[in-house]
Structures are given as structure tokens and as C-alpha cells.
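Q: Could you take a close look at the spot where the ligand sits and walk me through what surrounds it?

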Amino acid sequence: MAGPVSMLHCACFPEAPWNSLTITEIMDITGFFGRIAWVDGMPAGFALALDLLKECEILSLGVLPERRREGVGSALLDSVCSEGRARGAECIVLEVAVDNSAALALYVGRGFMPVGYRRNYYQHVSRRSGDALVLQRALADLTIQP
Ligand SMILES: CC(C)(COP(=O)(O)OP(=O)(O)OC[C@H]1O[C@@H](n2cnc3c(N)ncnc32)[C@H](O)[C@@H]1OP(=O)(O)O)[C@@H](O)C(=O)NCCC(=O)NCCS
């Protein structure tokens with residue numbers, strides 16, 4: 001699965017792509033879980049997450065440019081949050097670039113709230129700002145999807 005996920009990551013994050021080796025190393029971390037979204041039999045998006053016991057962390061989430069605004073990102077996020085809840089996590093966290101308006105709209109719309117700020121978190125130069133917000137969503141009251 002590392003190969004397809006790496007291809008998705010490259011398409012979603014061309015400014016900082018993760019290769020198959022990096023994806024494999026992430027998948028080998030204890031507590032890793034993830035999702036690939038399929039549309040019409042083709043991979044359309046992915047999410048990589050870690051179960052850190054009391055909380056889960058979303059390491060990366062992306063949807064192919066040609067499949068955006070179709071609900072794929074929301075479905076990935078809902079599924080990962082649901083699995084985090086099923087694993088017993090009380091909350092889920094992630095970092096998002098302060099100028100990533102699409103992702104911020106997705107996360108805030110799904111109940112994530114800012115709980116921290118990381119200056120110069122992203123090193124690649126293509127972004128106007130390298131600063132990131134830390135977002136968190138409580139999972140305690142989340143209904144677990146089948
Ligand atoms: C952020 C991202 C995952 C959203 O995926 P998506 O499949 O387009 O999201 P959805 O279709 O489920 O959108 C859900 C809601 O998010 C918000 N949203 C998504 N894209 C948006 C955009 N470009 N501008 C404003 N709001 C946006 C909207 O509220 C949207 O609901 P609506 O379509 O009913 O208005 C996608 O744009 C992406 O892969 N971006 C590049 C990678 C990235 O930045 N990942 C997140 C890193 S933390």
C-alpha cells in the first residue's frame with residue numbers, strides 16, 4: 001500500500017512529497033492506522049493517523065486535485081475520527097498551515113478547534129507562511145460508524 005499512498009501524497013502535496021520509504025516507515029509505527037478513499041474504483045485520497053492511546057494524531061490527509069469538493073476529505077476525516085473513538089482516544093489532533101484555507105474550512109466544519117500555534121513548522125518555501133495551527137477535536141461524544 002505504500003506505493004499508492006506515496007503517489008497520492010505526491011499529487012496532494014507536490015511541494016513536500018513523501019516517498020514510499022517514508023510512507024512505509026510511518027506504517028510501521030506502533031498505533032498506525034489509515035484510510036484510502038476510492039472513487040469509481042480508483043484511489044482518490046488518503047489519511048494517515050497514529051493511535052497515541054489517549055489521543056490520535058492525523059499525520060497527513062489529502063484528496064487528489066481532480067476529486068476535491070466531492071465530500072472525499074470529509075469522508076476520510078469522519079472515518080479516521082470514528083476509528084480513533086473506537087480505539088478509545090478522547091481527542092484527535094493535527095497540524096495545518098495557517099494559510100491552508102481549504103483544510104481549515106474542512107476541519108473547523110468538522111468541529112476542530114485551535115489549541116496551539118507552531119511558528120516555522122513547515123520548512124518548504126512555497127507557502128507564504130510556514131506557521132501551523134494545532135487543531136483538536138474531542139471524540140467522546142462521537143457516534144462510532146460501523
Ligand atoms: C483539504 C482537502 C483535504 C479537502 O478535501 P475535499 O475532498 O475537497 O473536502 P470536502 O469535499 O469533503 O469538503 C468539505 C468542506 O470543506 C470545506 N472546503 C473544502 N475545500 C475548500 C476550499 N477549497 N475552499 C473553501 N472551503 C473548502 C467546505 O466547507 C467543504 O464543504 P462544501 O463543499 O459543502 O462547501 C483537499 O483540499 C486537499 O487535499 N488539499 C491538499 C492537501 C491538504 O492541504 N491537506 C490537509 C493538510 S492538513
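A: Let's start with a backbone contact: a backbone N or O atom of Gly71 lies 2.8 Å from an oxygen atom of the ligand, which fits the cut-off for a polar contact, a pair of N or O atoms within 3.5 Å. The protein covers 72% of the 910 Å² of accessible area that the ligand has on its own (areas by the Shrake-Rupley method with a 1.4 Å probe). Keep in mind that this is a predicted model, where local features need pLDDT of at least 70, side-chain atom pairs count only at pLDDT 80 or more, and totals for chains, interfaces and linings use all residues. Residues are numbered from 1 along each chain as its sequence is written, and side-chain values use heavy atoms, with hydrogens and water left out.

Two other backbones join in. A polar backbone atom of Leu61 is 2.8 Å from a nitrogen atom of the ligand, and one of Glu70 is 3.2 Å from a ligand oxygen.

Now the wider shell. There are 20 residues around the ligand, and Leu61, Val63, Gly73, Ser74 and Asn100 come nearest (the shell takes residues with a heavy atom within 4 Å). By class, eleven are nonpolar, five polar and four charged, with Gly counted as polar.

Which elements supply at least two residues each of that shell? They are β3 (55-63), α3 (72-86), β4 (91-97) and α4 (101-109), where helices are DSSP runs (H or I) of at least four residues and strands (E) of at least two. α4 gives the most, with five residues.

How values were computed. Polar contact = N/O pair within 3.5 Å; in protein donor to acceptor, adjacent residues only side chain to side chain.
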